[in-house]
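Let's take a walk through this model together, going from single residues out to whole chains. Have the coordinates open as you read.

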Amino acid sequence: MRQKIEEIKNEFIKKIKTESAEELRELEKYFLGRKGKVALLFKELKNVPKEERKSFGESINALKEFIEKNIKEKISEIEREERMRKLASEKLDVTVPGLKLRSGALHILTQTMLEVEKIFLSMGFDVMTGPEIEEEYYNFEALNIPEYHPARDMQDTFYLLNKYLLRTQTSPIQIRTMEKYKPPIRVIAVGRCYRKDPPDAHHFPIFHQVEGLVVDKNVSFKELKGTLSEFVRRMFGEGVEVRFNPSYFPFVEPGAETSINFGGWLEMGGSGMVHPNVLNNVGIDPEEYQGFAFGWGIERIAMVKYNIPDIRFFYKNDLRFLDQFR
Amino acid sequence: MLVSVKLLKEILPFDYSPEKLAEEFTLLGLEVEEVVKTEHKFDRVVTARVENLSRIPDTKLFELVANTGDESFEIVTAATNLKNGDIVPLVLTGGRISDGTVISDRKFKDKISQGMLCSYKELGLDGEILSSEEKEGILILPEDTPIGKPFEDLFPVDDVFLSFSLLPDRADAFYVVGIARWIEILRARKEKRKADFSRFKPDTEIKLSGTTDIPVFVKDPELAPFYSGRKISGVRVGKSSYSLRRKLFMLQARPINNIVDITNYVLKFYGQPLHAFDADKIEKAVYVRKAQSGEKIKTLDGVERSLNEWNLVIADSEKPIALAGVMGGEETEVTEDTKNVFLESAYFLPSCVSKSARSLNLMTDASVLFEKGTDPLFPEDASLFASKLIVQEAGGTVSESNISNHLGTQSPVKIRLSRVGKILGEDLPKEEVKKYFDFEGFEYKDMGDFLEVKPPSFRRDINIEVDLIEEILRMKGYNSFGEKLLEGALKSAVRTKEEEFSWMLKDLLVKLGLTEVQTVSLIGNALLKNTLIDENNIAKVVNPFSEEMSILRPSLFPVLLNVVETNKKNGTNNIAIFEVGKVFRKNGDKYKEEGKIGIMLSGDRAETNPFGIKVPYDFYYLKGIIESLLESLGINANFDAGKASYLHPFRTAFVYSENEKIGVIGEVLSDITRNFGIKGKVFYAEMDISVLLKRAKLLKEFKEFPVHPPLKMDIAVVASKEIPEKKVRSVILSVAPPELRKIELFDIYMGKPLADNEKNLAYSLKFFAKDRTMKREELETFIDKLEETLKNEIGGKLRKG
């Protein structure tokens, strides 16, 4: 009897080496089925002397458990392998490029305007707007630039009919703001301007400016410098040097030009203390109030910051250009 | 403006390198854009006198002896503009001309040429600064040019020029002495002393004999506050001497004749425009007056000009003979036959000259100086100095001038120390302020709390207190002031409503996968025509510089189509762009400026891929974008068939909100896209921003949503093709119970087994109840009612799913 148990076990160990789930189920039937080898052994148990029956019974049970356990393990092993085979058959070439869905993006000029607005908003500047078709009075006369003044040559102007023109600067918004609001005033305006400059790498008849205006009782040249320097540091980086030179714009006095050291000194834009004539023109007493104004080119800021060599790129809208800044 | 550093050094010595000088000037507010170096490229070129000139028989050649004083050279030349005694540049054998050619002895038949006479080109000189005579054949130099000297020593070809970009308020610096005065100011600041401009005064010592027999009558003294006219009799008009020619060379002025050269010299050097008339051609007297209507004058440039009310003229008893401060007349021009000269030196009111020149669109060296403001106290000195030069160059005797002087006294400018501190943000001691005024050579009187300042008469930029504050800043240095951040109430900063809304729109459109573009707002007529845009009430630029940028865009369609065209040409096929920008139209006497959103699609949402995914942009994709945008803005809108000149007549919709049109959407006519060379369909939508802003409900409110699972039911409606989907939907909604919360069209079918004029619309309906999961039985009355209503209202059939 003991020998038989041993033989069955050995037979099982030999046969379980199969890799087929089907064969395993056959094997299960062959050993553990109702007429299987183990069942036969149990039947033979009655032929064994009574006193040995218990010990043999335990041995057969152990054999049964052994076979059951091994078959179960083997089946789950095979199932695991089968699942792996199936997954392997679903293998993707992960190096194939993904599906490209172009994301939307703002134009680099708009991004620059947004950045500029955010900096000034955080410094407490309100954001104003004004028309692109402007009255000559707001673009020139009110800004201390009378008709036939040589300063008009600084800005070659596109004229429309009836004393209308395309604004050459965002400065008319200064006048519109001061006509509407009383000091303290702290505003910027960002917008499109036009000058009769034939296009080349650095000029385009259409461009954008950011205009700033601060009017209060004690706003001095120091605050002008402080504000613009702070803007430069936020826009171009903490360590960027700022320099101011004397300059001339009829609506400010003293007037200044600001340059930044960004791989060499680069002129960024004009500024100055609001001219008393301008304050008088909008009915603000220059003895009581004073302030500063500035006007910088958005294209200039973007070209310097992003190292863009030609202003015409902005208006060509080649997606190969725009996509570089998404 | 180019200024020779060599010339500046001849006026006053200084140690600055040209680059350092350029930087100092820029920091003073006289911007130097560029430092330009010029160098001679020739070698061994000396001046020589032409002697023994004769034609070589049977040739077109001449032989001559070039005498350099110590030596003589046999020269053969083909030039025909020579005569004995001419002084010319000679390249010696072994020397080089500017193109690098080395000159060796050359044989012409039996003659040997020991060197070569040069034209200006062979010396590499700039033709712009030479007379036409000097540019013909061999360059002939003034008669008194020393011989035997290297050419570059006589005419300083090797120089450095500062290229200034001056602003209109620097009237005092548009000429050489003006620039030199600022070097003196730099030196004074460095040496902490008062600037001394006395060295710049011209030499006016001259013997005057007799009076000028042409009387001067200034009719409009407010426009010509100072006028001096003097006669110089018995002059010989001819070429300028070597010394004057050399000055013109350094001033980069083109020579004409000695008299005109002198006036040009005084203008470019001292900043005083002068005009010399042929005195014998002036009838009786000189009048300075406004032009009368209908008057004409032929100016020196040969153009006959009709004068207007803005023109101030110099006239004789008959007619205008010059445009005051702008240009002389041809009739009284100084020519080689002129014997007597009437020399005008005046101060004209800047705005008068500015208006006069601009009204004729005639800007000259003189008008550019006058309109910025010349020195009112200088004309008589300039006249005397010029007369002295005329006598030196052309002989003659100088008469006393006839002067009309209506200059008032210059009143001082008051500056309060308190004001200085307030504007600059830092109180400056009085002594420091005075020091700065000293550096600039200003006179001032200490009045306690304020100073009374008299700047020199050439400083036309100083008229009010803040002008003086700028000078303090200029002298102290803009960069030696500290910085301070703004102080004030910490109120929150805001954008205007319009500005805020426009940012919101851009943000929403980007979220919808669109790329923003910024296009030109000036376009050409051709583009308008090619895009079939309405050409009525176009806003036109009166003075465009090109046709392509001569009108303001009335629509975003043409410019966006241009962007699609450009990108398709560059190989980008899938395009989804938008612009938020202004469009313009004329509106009676005024103009209308409106904010628009333009959206243009072409190609496919997904880039080319191996996965079989295609999401082609089409009408419904674009409509989806608009619907999504409107939903975000809280605007209820509906779409109805519409028409636009540039869109497919049967694939265009107008967008309405409460019966107000807010936009248009459609497929672009293929005739247009074909003309632009665009392959594939293009879709366009334009929305009106102001209406969107008016209708937007941006404050969102919480709406309860059901917690119980929905009851889903699919239905299909067969209806005539002519019935718009919107109608079918509205019938369904009209009979549906309030629990119907979602209706989605998921299929449109046409074809067998339906009749030819039928379509099948399949909807998925979702019903939610607040308090329970709904059961299908609850919908039975709805279905019955729907079946009946569809039949009655649109002749449709219901198929239940």
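A residue is called buried when its relative accessible area is under 20%, exposed when it is over 50%, and partly exposed in between, using a 1.4 Å probe and protein chains only. Please keep in mind that this is a predicted model.

**Two residues of chain B**

With those cut-offs in hand, B:K491 is a good place to begin. Its relative accessible area is 45%, so B:K491 is partly exposed. You will find B:K491 in the loop that runs between helix 13 (465-476) and helix 14 (497-511) of chain B. Which residues does B:K491 contact, once its neighbours within four places in sequence are left aside? They are A:G124 and A:D126, which belong to chain A. For a sense of scale, B:K491 and B:L208 are separated by 283 residues in sequence and by 74 Å in space, C-alpha to C-alpha.

Now turn to B:L633. Is B:L633 buried or exposed? With a relative accessible area of 0%, B:L633 is buried. This leucine also sits in a loop of chain B, between helix 17 (619-632) and strand 32 (638-641). Residues up to four places away in sequence aside, B:L633 touches B:F501, B:M504, B:L505, B:L508, B:L692, B:A696, B:K697, B:L698 and B:K700. One of these partners, B:M504, is 129 residues away from B:L633 in sequence, yet the C-alpha atoms of the two are 9.4 Å apart.

**Chain B as a whole**

Chain B is made up of 21 helices and 39 strands. Its radius of gyration is 41 Å, well over the 28 Å that the globule rule gives for 801 residues, so chain B is more spread out than a compact globule. Of those 801 residues, 54% count as buried. Sequence-distant contacts are well represented too: among the contacts in chain B with a separation of 6 or more, 69% are between residues 24 or more positions apart. As for charge, chain B has 115 positive and 126 negative charges, and the mean positions of the two sets are 5 Å apart.

**Chain A as a whole**

Chain A holds 12 helices and nine strands. Why can chain A be called more spread out than a compact globule? Because its radius of gyration, 44 Å, is well over the 20 Å that the globule rule gives for 326 residues. The domain assignment divides chain A into domain 1 (2-89) and domain 2 (108-325), and the C-alpha centres of these two domains lie 91 Å apart. Buried residues account for 54% of the 326 in chain A. Of the contacts in chain A between residues at least 6 apart in sequence, 64% join residues at least 24 apart. The 50 positive and 51 negative side chains of chain A have centres that lie 13 Å apart.

**Extent and surface**

The table sets out the overall spans and accessible surfaces of the two chains.

| Item | Value |
|---|---|
| Chain A, C-alpha span along principal axes | about 135 × 40 × 40 Å |
| Chain B, C-alpha span along principal axes | about 125 × 85 × 55 Å |
| Chain A, accessible surface | about 15,200 Å², 51% from carbon and sulfur atoms |
| Chain B, accessible surface | about 37,000 Å², 49% from carbon and sulfur atoms |

Methods
Residues are numbered from 1 along each chain as its sequence is written. Chains are lettered from A and ligands numbered from 1 in the order in which they are written. This is a predicted model: local features need pLDDT of at least 70, side-chain atom pairs count only at pLDDT 80 or more; totals for chains, interfaces and linings use all residues. Side-chain values use heavy atoms; hydrogens and water are left out. Helices (H or I, at least four residues) and strands (E, at least two) are DSSP runs, numbered from the N terminus. The radius of gyration is taken over C-alpha atoms; the globule rule is 2.2 Å times the number of residues to the power 0.38. Contact means heavy atoms within 4.5 Å. Accessible areas come from the Shrake-Rupley method with a 1.4 Å probe; for residues, only the protein chains shown count as cover. Lys and Arg count as positive and Asp and Glu as negative; His and the chain ends are not counted. The place of a charge is taken as NZ of Lys, CZ of Arg, CG of Asp or CD of Glu. Domain bounds come from an automatic or database domain assignment.
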